[in-house]
Amino acid sequence: MNLGLRGRKAIVCAASRGLGRAAAFSLAREGVDVTLVARTADTLDRAADELRRDTGVEVTTVAGDINTEAGQEAAFAACPAPDILVNNPGVRQVPGDFRTLPKQEWQHWLDVHFLSSVQLIQKVVPGMCERRFGRIVNMSVSFIKFPQVGFAHSHAARLALSGAVASMVRELIPHNVTINTVCPGLFDTDALHTNLHGHAERGNTTYEAIVENRLKTCPAGRFADASECGDLIAYLCSAQAGFMTGQNIVNDGGVYQGLF
Ligand SMILES: NC(=O)c1ccc[n+]([C@@H]2O[C@H](COP(=O)([O-])OP(=O)(O)OC[C@H]3O[C@@H](n4cnc5c(N)ncnc54)[C@H](OP(=O)(O)O)[C@@H]3O)[C@@H](O)[C@H]2O)c1
């Protein structure tokens with residue numbers, strides 16, 4: 001399937017490793033010129049070199065924190081008229097006790113999992129509407145559909161984003177601008193393994209035991225490859241996906257058992 005994206009321009013946030021990097025590859029294979037944002041310059045440059053070599057598209061890098069105004073401004077200076085925004089906060093969720101988590105911690109999670117993404121959306125939609133093409137994909141987590149104990153702060157902030165988006169999309173679709181949210185389950189990235197090590201430490205067990213337990217509860221019986229998220233994102237950015245908006249799409253190997 002040709003996704004009709006050749007020559008389009010994308011800002012891909014948190015894109016030097018993991019799911020952001022996979023999204024950049026999937027888009028680049030469709031001929032999209034990509035601007036990659038991440039904080040660490042050497043990993044970013046390595047990802048950019050691989051992308052150029054494998055796909056031949058134009059790749060620009062921005063070394064900065066996408067959850068700050070300066071990082072967002074730098075991304076827009078590098079790509080002033082994006083057709084696509086992959087709105088990935090990069091920051092992985094860490095557990096916290098809702099009883100004692102201080103207000104500034106709740107504020108931090110609202111900043112990185114909600115407000116930062118909203119600010120990026122505010123920046124891109126005027127130009128997208130004017131040009132009559134825009135695809136925004138937010139990176140969330142499958143657990144927004146079945147929240148986990150210990151993650152109230154992070155789930156709340158990610159759900160706030162999905163709620164805000166649900167209100168925005170009807171004003172945008174007449175201009176051929178869509179916003180969808182991907183909700184991944186367990187994908188084989190650095191963040192996943194760091195999380196699993198953390199679970200093992202907190203549960204006073206081994207990393208191997210945690211992995212075995214997670215795989216047992218996943219009907220697919222495996223962790224997914226990051227490309228399986230990247231390709232979903234590329235499809236949501238396609239010309240063909242212009243009728244689909246405001247959706248929160250779970251991609252978790254059958255873990256979530258709900259219908260909606
Ligand atoms: N992997 C999973 O199973 C899974 C499942 C559901 C949801 N998620 C969510 O998806 C997101 C990405 O996870 P991942 O697994 O791809 O993580 P990862 O493999 O650790 O990669 C994180 C990427 O984000 C960049 N990054 C982190 N903070 C950043 C910031 N403030 N500004 C710019 N770039 C930043 C990192 O580069 P630098 O460190 O150099 O900045 C790196 O490129 C997270 O929000 C995570 O919670 C992951």
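Two strands count as paired if DSSP finds at least two bridges between them. In this predicted model, strand β4 (residues 84-87) and strand β5 clear that bar with four bridges, running in the parallel sense. Within that pairing, Asn 87 sits opposite Asn 138 of β5. To get from β4 to β5, the chain goes by way of helix α4 (residues 103-131), and the resulting β-α-β crossover is right-handed.

On to the next pairing: β5 also lines up with strand β6 (residues 177-184), again in the parallel sense, here over six bridges. Asn 138 turns up once more, with Thr 181 as its bridge partner in β6. Helix α5 (residues 152-172) carries the chain from β5 across to β6, and this β-α-β crossover is right-handed.

As for β5 itself (residues 134-139), the strand is mostly covered, with six of its six residues buried. Side chains in a regular strand alternate between the two faces of the sheet. In β5, Gly 134, Ile 136 and Asn 138 point one way, while Arg 135, Val 137 and Met 139 point the other way, and all of them are buried.

Then there is the ligand. Its surroundings come to 30 residues, and the closest are Ala 14, Gly 18, Arg 39, Thr 40 and Gly 90. By type, the shell around the ligand splits into 15 nonpolar, ten polar and five charged residues. Three elements each supply at least two residues of this shell: α1 (18-29), β2 (33-38) and α6 (190-202).

Note on methods: Residues are numbered from 1 along each chain as its sequence is written. This is a predicted model: local features need pLDDT of at least 70, side-chain atom pairs count only at pLDDT 80 or more; totals for chains, interfaces and linings use all residues. A residue is buried if 20 or more other C-beta atoms lie within 10 Å of its own, exposed if 12 or fewer, and partly exposed in between; C-beta atoms are placed from the backbone. A crossover is right-handed if, with the strands pointing away from the viewer, the path from the first strand over the helix to the second runs clockwise. A residue is near a molecule or strand if its C-beta atom, placed from the backbone, lies within 6 Å of it. Ala, Val, Leu, Ile, Met, Phe, Trp, Tyr, Cys and Pro count as nonpolar, Asp, Glu, Lys and Arg as charged, and the others, Gly among them, as polar.
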